[in-house]
Structures are given as C-alpha cells and as structure tokens.
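Visitor: Could you take me on a close look at one part of this model, the place where two chains meet? I would enjoy a connected walk through it.

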Amino acid sequence: MTRIHCRAGQVLTLICLMLTTLVAQADMVVRVTEGADQRMPIAVVPFGSNHSRDAPEDLDTIIRDNLTMSGDLKTLEPSRMLSLPTSGDDIHFRDWRVLGQQFVLVGEMDFDAERNRYILSYELFDVSQQERLLGSRASAAPSELRTLAHHVSNRIYERVTGIPGIFNTRLAFVTRTGSGNDVEYRLKISDVDGYRDQVLLRSSEPILSPEWSPDGKELVYASFEGGRPAIYRQVVSSGERRRIAQFKGLNSAPDWSPDGESLLLTLSKDGSADIYEMPLDSLEPRRLTRHYSINTEPSWSPDGERFAFTSDRSGNPQIYIQSLSGGEPERLTFEGSYNAHPIYGPEGEELFYIHRADGRFLLGSVDLETGEERVLSGSEIDEAPAMAPNGRLVLYVTNAGGRKGALEMTTVDGNARFTLPVRHDGIRDPAWSPLAE
Amino acid sequence: MTDLLKNRVLMLGFALLFVAGCSSTATEPEGSGSNGMEESDMEQQGDSDADSSDAYGAGDGSGVSEEDMTAEERAQKSLDQAKEKAMQAASTIYFDFDSSEIRRESQSILEAHAAYLAEDDDASVVLEGHTDQRGSREYNMALGERRAESVARFLRVNDVSEDQIETVSYGEEQPAVEGNDEEAWAENRRVEINYE
C-alpha cells in the first residue's frame, strides 16, 4: 500500500502575495492498492489573485480534494510543482512533463465589487498534446464559493473522464451523539465532501435509513419519535413532512423506486419481517416476500424490475434477488456466514454489501454475471454502503481503530480508498443524492 | 435509566396491587354486591387492609358465603405470589450473536413472568428487542424484532394472552452498555421486559 497525503498550503509561501487566505484543511488520506493505480495525474496549480480581498475559501484546494476523491484522478502536491503559472500563456509544458503530469489546471481570481461576486478564470491543458481542453470563466457570491469550486471540479472531471461529476451532489446521513438520557439523533444533509452541513430533524429517539427521492428533492426515513417506528417523507428545501407508514411492528429500510412512484420497505405487520412495495399515492403495501425468516434491506435494481435484499432463510443472513412481479428469490452470496445490506451497482451488473470475515465486517461485492465475490474494504466494522450517482464510488461508514463513524469511499473496483476529511461524530446511514440537473 | 426503570416497576407494583384489590370486587358485579357495598369495600381497603372480613360482613350479610371468600383470598394470594416472583425475576433476557433462540437459563425467568401475566389479565408488557452494534443496522432492526417475538411466543405458549403483549425493536440503536468488545456486545443482545 502506498500513502499519499495532500496538504494544503505548504511552500505556497513562495507566492504568498498572489494567494488568497488558506483555510485549514484536514488531511485527505488516500490508500491505493499496490500496482493497481490507474488514476490520471493532474496538477491543480494554486490560483492567482487579481484583487486584495481575502477570499473566504481556498478554491484550488477544494478542487484538488474533489478530484482526488473522484478516484479517477491523482493530484500533484503544490510543494512539488516547479513553476506556478496562473494562465495558459505562462505554462512551460516541459515542467509538467518532467513531473509526469497528464493535465494542468491554472486560474486567476477576480472580485467584482459592484456585483459582489468572485470570478474565476480557469484553463485546463493536456500536457502531451499541449492543447487547451477548457477555457472558461465562472462566478459566484462570496457565500457560494464552495459551489463554484464544485462546479469547476465537475467541468474538469467530465472533460477528462467523460463521466458525470458528483461534486455538486449532496449526502444525507444521521448522527447520534451523547449517551444515556442525553442521546440526540440528527438527520443532516451536507455537500458531498461533508462540508456545509444542515440539520433537517432532531430527535431523542432513533432516526434511520434516509434515502433520496430520484428527483433529489425529498428524503424518506424511519423515525421512532413517539416511541414507535414510522416512515416519514420530507421535502428537503421546505422541511414539510408527512408520516406515510406506521404499521404494527417493524417500519424499516425504505428505498425509493427509480420512477419515484413507490417505496420498498420492511414491515412485520403480518408476522415476520417481510418486504413490501408501497405506492406513494395509495400507501397500501403489497407483500413481496413470504418467509418466516428475516427479509429486509430491499434495494431496487436500476431498471426497477427486481430488488436485492437480505434474508436469513438459509440459517444466516445472505443476499437474494427477487423479481417485483413475483417468483422465487435467487440466492447470490455463499462466502461466509454473514452478508447483508445489498445495494446495486449503477448498471445493475454488480451488488455491494457488508460481508463478515474473521470477525470483521467489510465491504464486499458480487458480480451478477459470474457470481464472483470480492472484498473491497479493509477495516474492522464497516457498514451502510451507498452508491455514488455516477457509479464510480461506494461510500460507507467505518468504525476502525476506535474511531466512531468516519465516512470512507472506495472506487467500485476496490483499487483506491479515501477517508473523507470532514468528520461528523456518530455518523451513520449515509445516502447519496442523485446527480443534480 | 435503570433507576427510572426500578421506580417504574415499583410504581407498577403498587398500581397492580390496587387494581388487583379493586378487581376482586369489580369483577363480581352480578354476585350479591350492590354499588354501595363495593364503594365501602374500596374505602376500607384504602384505610387498612387488615379487616377485610369485617368489611364484607358489615357491608352485606347475605349472598356471600365463607367458602367464596376463602377461594377469593386464595386466588389473591397466589396472584400476589406470582407477581412477586415475576417482579423479582430478571427483566432482561440475553441472546447469542445473530440468534433469537431463548437460552435454557432464561426459561425459568420467563416462566415466572408468564405465570403472573397468565393470572392477571390486567397486567401487560412491552417487549423491547435489542442487538449489538455489529453488522447491518436494518438487519439488526429485524433481528431485535424477532428476539422480542421469540419472547412473546414463549409467553403465549405459557398461557399469556396476545393482548397483554406488545413488541418493539430498537435494533442496535439503544445499547445497554457503550463499548466495542465481546462483553459489551453480550450485554446488548437482549430483550427487555417492561410492565406497562
């Protein structure tokens, strides 16, 4: 394993006159599987500044962290750069060839006092072709500089990889803090890098399993407010919410259908824990599994025709797939005595889930064509996988080494893993929003 | 939490005593008693529970035979004993990892609770299922439910009525003990029996 640390602001003192104020950033630790590093090298040169204001955010650092987090790009530390150009005219391509860079991003910040907006002019070059791939200007109000950085990150990532960028998507998650009688659960959303978090709901009783609607405007989740579990649906922007299920027994594990019209969820109103489909107009659940064992954690396939779920009908939890139109479930996992919480890969060709091995709980995957099972993560207690909306990353919670709840990501091929720099104490159940329109 | 629970159990105990006292009169409205007798009976009990025979004697001379009273007293006594046993019995049942099977050593505990619940129709319990923090949160929610159901089934088999039992699962959300080792996990895999 190799370790790469990306630290903001070393050696930048060389050009401190041109620099905006640096914001202290946590280290982003990236672990890359030996010999499997296929990430494309890109140099994000610290941006120049043509104004005297202190910008509240350090845009090139945010962009560097974003691109690193994508799993497809490898960014160069500013301390290793031989020159610090701020526009295309200043670039000596030899400097970047020597450093093995494939792409270079340069830019300059201006401030328009009249409109109270920062303006970033940026250019992206292909080093070997000496070709300008992007040249653009983007602006934002001082309070929206992170949005600007995410927007530019998306443009660069999409231009270089041809894959939609995820940097302006959002996470929903739950935190649990305190202990005893002072426990507080919070339903939160944040930027995809964990910054700019907002609280949507506070409760002294458990909140679980938030999931985004396919249009990214609403969340469903389970909440125990009042001492009994129920499923709620909440509009993110307005906070308006509605209780949509409170049956006797379990009300758990909601998953929004790809067409947005119904939910899969787990109820035990007819005896044991079974999976039901509940249309959001009628709110009348239709039972899909019928087995006295535990059947839960349903996940829609991307085409909406099947669902994966956890069942312990074999004597211990394993992953199954069943058609929405009926029929017998098919068992998919056979390695080990504990496989749970499946989520579909983007094309429906692969499932990711939590796999128990040697007393550890790790992220596993199974190829639906070949049946091949693999282990992707490597800590002690990992849980709650969530798929990136562009299908390149799996997000999960790790509780390794006494750390309580950090967010980790791995590329879907398992070749690179990252710990998100921003910590939210007691984090659990992350959900990734769809791509913004 | 535990103090609070103890208080609750104690208060429930008193409440149940009172209810039991009332119901011994309230459940025989078709017998001999008039409304007047029942009222005085209750007042008497409120003042002192020593002279219950006087109270019956004074309240109404006819239709209450000595035999009936003895049977009732006997029933009351056995109810009290059952309740005392149930209250003294542990109120937490523990489980193995990923299991909802009731261990042999838990059976006598549950039998004590069942004996009391079977005898007193007015008593009811909420069975709270819990798991340790490992594994998948939603699977654990279902596992907690199955543990609570497993205890509920044991009680039902032992003559406790369906209406006296409610189950709720908290999964891994409310650990009895915070901690990340086998000792903590073992204490968290449990069903708590709470009298309402």
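Visitor: How many residue pairs are in polar contact between chain A and chain B?

Guide: Happy to take you there, with one thing to keep in mind: this is a predicted model. Between chain A and chain B there are 13 residue pairs in polar contact, counting pairs in which both residues are at pLDDT 80 or more. On the chain A side, the elements that give two or more residues to the surface touching chain B are strand 12 (207–212), strand 16 (251–256), strand 20 (295–300), strand 24 (339–344) and strand 32 (427–432). Sorted by class, that side of chain A has 14 nonpolar, 12 polar and 10 charged residues.

Charge pairing is part of the picture too. Across the interface of chain A and chain B, 6 salt bridges are found. One to look up on your screen joins the side chains of A:Arg176 and B:Glu178, at 3.6 Å from N to O.

Now step back to the whole contact. In total, 36 residues of chain A are in contact with 27 residues of chain B. The two chains bury about 2,800 Å² between them, and 52% of that is on carbon and sulfur atoms. If you want three residues to highlight, choose A:Arg228, A:Ile294 and A:Tyr338: they supply 18% of the area that chain A buries against chain B, more than any other three residues.

From here, turn to the second largest pocket, with about 940 Å³ of space. Its lining has 39 residues, and the closest to its centre are A:Glu211, A:Asp255, A:Trp300, A:Met387 and A:Trp432. You will recognise some of the strands here: strand 12, strand 16, strand 20, strand 24, strand 28 (382–387) and strand 32 of chain A each give two or more residues to the lining. By class, the lining divides into 24 nonpolar, 9 polar and 6 charged residues.

One last stop takes us back to salt bridges, of which the structure holds 34 over all chains. Within chain A, A:Arg392 forms one with A:Asp72, and their closest N and O atoms are 2.5 Å apart. This pair links distant parts of the chain, 320 residues apart. A:Arg392 sits in the loop between strand 28 and strand 29 (393–398) of chain A, while A:Asp72 lies in the loop between helix 1 (59–69) and strand 5 (73–75) of chain A.

How values were computed:
Residues numbered from 1 in each chain as written. Chains lettered and ligands numbered in written order. Predicted model: local features only at pLDDT ≥ 70, side-chain atom pairs only at ≥ 80, totals over all residues. Heavy atoms only, no water. Contact = heavy atoms within 4.5 Å. Buried area = accessible area lost by both parts, 1.4 Å probe. Salt bridge = Lys/Arg side-chain N within 4 Å of Asp/Glu carboxyl O. Polar contact = N/O pair within 3.5 Å; in protein donor to acceptor, adjacent residues only side chain to side chain. Helix = DSSP H or I, 4+ residues; strand = E, 2+ residues; numbered from the N terminus. Nonpolar A, V, L, I, M, F, W, Y, C, P; charged D, E, K, R; others polar. 1 Å grid on protein atoms, 1.4 Å probe; cavity = no way out; pocket = protein on both sides within 12 Å on 5 of 7 lines; lining within 4 Å. Points joined across faces, edges and corners; volume = space filled by probe spheres on them.
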